[in-house]
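Got the viewer open? Pull up the model, switch to a cartoon view and follow along from stop to stop.

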Amino acid sequence: MATALACAGLLTATACSGSDSGAGSGDGPVTVTVMTWESAPTNAAIKKALADFKEDGITVELLDTPSGNFGDKLASLTQAKKLPDLFWCGNDTEQQYTSQGLLVDWTEKINEGDGDFKADKFVPSAMENWKTADGRMGGLPSLMNAYGVWYNADAFKAAGVPEPKAGWTWDEMYAAAAKLANTNGAKYGLVADQLTGPDGPFTMSMYSVSAGGAPFTDNVNHPTKAEADDKYTEGVQKLVEAVRNGSVSPPGYDASNVQSLFAAGKVPMMFGGQWLAAGFQTDKPKVKYGFAPFPQVQTPVTLYDSVGICTPQYTKNQDATFKVLQYINTKVWDAVLPASPVAPPAYAPAQASYFDALSKAQQTTVVDTVKADLAAEKTVGVRFTTQWAQQVGDLTTATYQPIISGKKPISELQTYVGKINDLIKQGG
């Protein structure tokens, strides 16, 4: 969703340190440091918004972070114990760091709340996903990721296929993909790396749950089991057939330039997140496009996750840091999202500026789909956040993806699930 940026002060002892940033525990002035993975224009907007933060004795410093691998920089700063007071983090990082005791637990503060800044004002699934197994909150979710199907309305009209809309079915999606494949320069009717790639087993949970079956796993943060029941297997079988007949892109398809191909009219449908709207708003694709909810079998089901902001345990002034964290969640997005509506805030009262920006840009299908996703009662996680998640990824490459490609029989799903359950029992 954002360009990963590195910490500018990696080689200096003070620039990125929560403990050396001047955030003393006495009565003197406090400096709260913030590090994001955002693009330069977004960081400029954030910095401008932070300049309006007014609290006696507290200064906010947004660290300059040149382009680079945010994950690697974060690991380096973590090892050196030089993390800034507030840093952008994914759900997996928050879960793992909290379980290791590396982060401040905000549970008490967010439950007590300051005015309207309380836990019950956040999107419920986001708060639930950020809790560890023992109920700790090692950070707060900040922006939501909602997912759906981007479609080329012009291609649908030319093919005489109804445009996707809420309530459409998986069978209708595959039928549309079959009709749109090999037309107007498009090889596949649907490019769906989220179905055929590393996270595919979790995405396929939507089919199973919508059909009244079980999800792939009972919990992505602290799972007790993985499962591929009859409904799940039915969904996988339909995907295998769609890949076999050329309607859907296969595992291993290079999706790195799929957004450009979609904008040029070379991809009729693609799975993706709401954040693409901001880029499309700027780049203005040559085609008329829309964003629809995921298809369903019987009941609506979606998947989405959130990114957030974390604080290291050794931060000296937690009260000052929390005040800045609250300001970011309640005020900063109002200044940033109108110019770049990348995602809806997890703090519900701050969502108006996001939706207003999309409405003014006439992105009505994006507004409708994101609102439907945020209100969905049934959701599934996008991936494991556990320490052994990479081992599951290896199993997915070795077994799940060959099943989707038709190189292994669908009966191998049970072997695949069995090996994941062994990992769950062993804890990695």
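Start with the whole chain. A compact globule of 428 residues would have a radius of gyration near 22 Å, and this protein has 22 Å, so the two agree. Bear in mind as you go that this is a predicted model. Orient the C-alpha trace along its principal axes and you'll see a span of about 70 × 50 × 40 Å. Colour by secondary structure and you should get 18 helices and nine strands.

While you're zoomed out, try a surface view. The accessible surface comes to about 18,000 Å², with 49% of that belonging to carbon and sulfur atoms. Buried residues make up 54% of the 428. How much of the contact list comes from residues 24 or more positions apart? Among contacts with a separation of 6 or more, they account for 76%.

**Stop 1: the loop between E1 and H1**

Select strand E1 (30-35), helix H1 (40-50) and the loop between them, where Ser-39 sits. Thr-36 is in that loop too. Show sticks for both.

Is Thr-36 buried or exposed? Its relative accessibility is 1%, so Thr-36 counts as buried, the cut-off being under 20%. Now look at what its side chain is doing. A polar atom there lies 3.0 Å from the backbone nitrogen of Glu-38, and the Thr-36 side chain also makes a polar contact of 2.6 Å with the side chain of Asn-43.

Slide along to Ser-39. This one counts as partly exposed because its relative accessibility is 23%, and that class runs between 20% and 50%. Add Thr-42 to your selection: the side chains of Ser-39 and Thr-42 are in polar contact at 3.1 Å. Then draw a C-alpha distance from Ser-39 to Thr-65; the two are 26 residues apart along the chain, with 9.4 Å between their C-alpha atoms.

**Stop 2: helix H3**

Next, select residues 91-99, which is helix H3. Which of its residues are buried? Asn-91, Thr-93, Glu-94, Gln-95, Tyr-97 and Thr-98. Keep those as sticks and bring up the neighbours they pack against: helix H2 (70-80), strand E3 (86-90), helix H5 (124-130), strand E4 (139-152) and strand E8 (302-310). Just after the helix, click on Gly-101 and check its backbone: phi is positive, near 75 degrees.

**Stop 3: Thr-224**

Jump to the loop between helix H10 (205-210) and helix H11 (230-244), and pick out Thr-224. With 58% relative accessibility, Thr-224 counts as exposed, since the cut-off is over 50%. What does Thr-224 touch, leaving aside residues up to four places away in sequence? Asp-218 and Ile-424. For a sense of scale, draw a line from Thr-224 back to Val-104: 120 residues apart in sequence, and 26 Å from C-alpha to C-alpha.

**Stop 4: helix H14**

Last selection: residues 318-336, helix H14, which has 19 residues. From first C-alpha to last, H14 reaches 25 Å, close to the 27 Å expected at 1.5 Å a residue. Turn H14 side-on and centre the view on Ile-328, where you'll find a kink of about 40 degrees. Then go back to the start of H14 and show Asn-317 and Asp-319: a side-chain oxygen of Asn-317 comes within 3.4 Å of the backbone nitrogen of Asp-319.

Key: Residues numbered from 1 in each chain as written. Predicted model: local features only at pLDDT ≥ 70, side-chain atom pairs only at ≥ 80, totals over all residues. Heavy atoms only, no water. Helix = DSSP H or I, 4+ residues; strand = E, 2+ residues; numbered from the N terminus. Expected span 1.5 Å × (residues − 1). Bend = angle between axes of the 7 residues up to and from the residue. Polar contact = N/O pair within 3.5 Å; in protein donor to acceptor, adjacent residues only side chain to side chain. Buried < 20%, exposed > 50% of the residue type's maximum accessible area, 1.4 Å probe, protein only. Contact = heavy atoms within 4.5 Å. Rg over C-alpha atoms; globule rule 2.2 N^0.38 Å. Areas by Shrake-Rupley, 256 points an atom, 1.4 Å probe, with all protein chains shown as cover.
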